[in-house]
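Dear colleague,

Please find below the structure that I am handing over to you. My findings follow directly after it, arranged by region.

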Amino acid sequence: HRYTAHTRTHTPMDFSTSFSPHNDVLNATPSTESEKKALVEELKRRGRVSVTTQRYPDGKDLYGKAIEVLLSSTEANANDNVNSNNNDLAILHSNRALCYLQMNKAKESYEDATSATCFDSTYVKGFWRLGQAAMALKKSQEAIDSYKTAIMLDPGSKPLLKELIKAEKQLVKDQEEAERLEKEKEENHAKANAVPPPAVKKVVKDDVPSPASTATASTTSS
C-alpha cells in the first residue's frame, strides 16, 4: 500500500519552506517500524519515477529522505540486526549518486557512491556509480579500480567493460598531459635560471684629428 502521511513535527530534513509535490512524504515523521517501512517504499517508488522522468533534484531529495528514515530505523534496532538495512542503504546511496551526477555535482555523487560500496561491497551498481563519479572528477585511476571491481562481481557485463576501456584511455591521456606539463615546467625553470652570457663592452676610440685638420688649425692660430 502507498504511504499515508501523518501530521507530526518535522524531521531535520525539512522541505516545508520550499514547494515540492512530494512534501507530504519529505516532511513525514513516522514513529513505528511499519510506518517507516511503508514510507521508505513510497519514497523509493517516487524516486524511481523522478529518475525516469529526469527530475533529478526530486529524486535526490526522495532518496535522501529514504536514507534518513532507514538510518534511524537501523539505529533504533541496532541490537537486533545492525546490518538489516545495509543492502537498501547501498541501493539508495547509489541511486542518489546517479541523481547528483546528472545534476553535475560530481563530488556529492562520489561521496554517495563510496557510501554505497561501504554498505554493500558486493553491489555492482555501487562500484559502477563510483567509477562514473571518479571519471567526472578526473580521477581516472580510481575509476579504473572501481570498474575492475564491478567487473569481478559481474564478469559478463559489456557496458562495464566499455566503461573500463574508456577510463584506461583517459588515464593514458592524463599521463601524457602530466608529462607535457612537467616538461614545460622544467624548460621554463631552466630558462629562468640560465646564466646570461657576459656583456661585451664596446670600446670606442677617441677621435683623432686628421692631418689636414691639424694643418688648417696651425695656420689659423694666432
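The crossing of α6 and α7 is a left-handed one. Please note that the model is a predicted one, and that the values in this message are computed from it.

Packing of α6 and α7

Helix α6 covers residues 106-119 and helix α7 covers residues 124-136; their axes are 8 Å apart and the helices pack at an angle of about 155°. An angle over 145 degrees counts as roughly antiparallel, and α6 and α7 are therefore roughly antiparallel to each other. On the α6 side, the contact is made by Ala106, Ser109, Tyr110, Ala113, Thr114, Ala116 and Thr117. On the α7 side, Gly126, Phe127, Arg129, Leu130, Ala133, Ala134 and Ala136 take part. By class, the residues of the contact of α6 with α7 comprise nine nonpolar, four polar and one charged.

Packing of α7 and α8

Helix α7 also packs with α8, at an angle of about 160° and with the axes 8 Å apart. The two helices, α7 and α8, are therefore roughly antiparallel to each other, and their crossing is left-handed. From α7, the contact draws on Val124, Phe127, Trp128, Leu130, Gly131, Gln132, Ala134 and Met135. From α8, it draws on Ser140, Glu142, Ala143, Ser146, Tyr147, Thr149, Ala150 and Leu153. The contact of α7 with α8 has 10 nonpolar, five polar and one charged residues.

The loop between α7 and α8 contains Lys138. Lys138 has a positive phi of about 65°, although it is not a glycine. For context, most residues other than glycine have a negative phi. Lys138 has a relative accessible area of 71% and is therefore exposed.

A comparable entry concerns Asn104, which lies in the loop between α5 and α6. The phi of Asn104 is near 60°, a positive value in a residue other than glycine. With a relative accessibility of 72%, Asn104 counts as exposed.

Packing of α8 and α9

Helix α8 (residues 140-153) and helix α9 (residues 158-192) have axes that come within 9 Å and cross at roughly 160°. Helices α8 and α9 are therefore roughly antiparallel to each other, and α8 passes α9 in a left-handed crossing. The residues of α8 that meet α9 are Ser140, Gln141, Ala143, Ile144, Tyr147, Lys148, Ala150 and Ile151. Their counterparts in α9 are Leu160, Leu161, Glu163, Leu164, Ala167, Glu168, Gln170, Leu171 and Asp174. The residues of the contact of α8 with α9 divide into 10 nonpolar, three polar and four charged.

Within this contact, I would draw your attention to Glu168, which lies in helix α9. Leaving aside residues up to four places away in sequence, Glu168 touches Ile144 and Lys148. Glu168 and Gln141 are 27 residues apart in sequence, and their C-alpha atoms are 7.8 Å apart in space. Is Glu168 buried, partly exposed or exposed? Its relative accessibility is 32%, so Glu168 counts as partly exposed.

Nonpolar cores

The largest nonpolar core has 18 residues, of which Leu39, Leu43, Val51 and Leu92 touch the most other members. Four helices each supply at least two residues of this core: α1 (23-26), α2 (33-52), α3 (56-76) and α5 (86-102). Which helix gives the most to this core? That helix is α3, with seven residues. There is also a second, separate core of 16 residues, which includes Ala113, Ala134, Ala150 and Leu164. Each of these four residues also appears in the helix contacts described above: Ala113 and Ala134 in that of α6 with α7, and Ala150 and Leu164 in that of α8 with α9.

A buried lysine

Finally, Lys36 has its place in helix α2. Residues under 20% relative accessible area count as buried. Lys36, at 10% relative accessibility, therefore counts as buried. Apart from residues up to four places away in sequence, Lys36 touches Pro30, Ser31, Val69, Ser72 and Ser73.

With kind regards

Definitions and conventions: Residues numbered from 1 in each chain as written. Predicted model: local features only at pLDDT ≥ 70, side-chain atom pairs only at ≥ 80, totals over all residues. Heavy atoms only, no water. Axes fitted to C-alpha atoms, helices over the stretch in contact; angles between N-to-C directions. Parallel < 35°, antiparallel > 145°, perpendicular 65-115°, else oblique. Left-handed = near helix turned anticlockwise from the far one by under 90°. Contact = heavy atoms within 4.5 Å. Nonpolar A, V, L, I, M, F, W, Y, C, P; charged D, E, K, R; others polar. Core = buried A, V, L, I, M, F, W, Y, C linked by side-chain atoms within 4.5 Å. Buried < 20%, exposed > 50% of the residue type's maximum accessible area, 1.4 Å probe, protein only.
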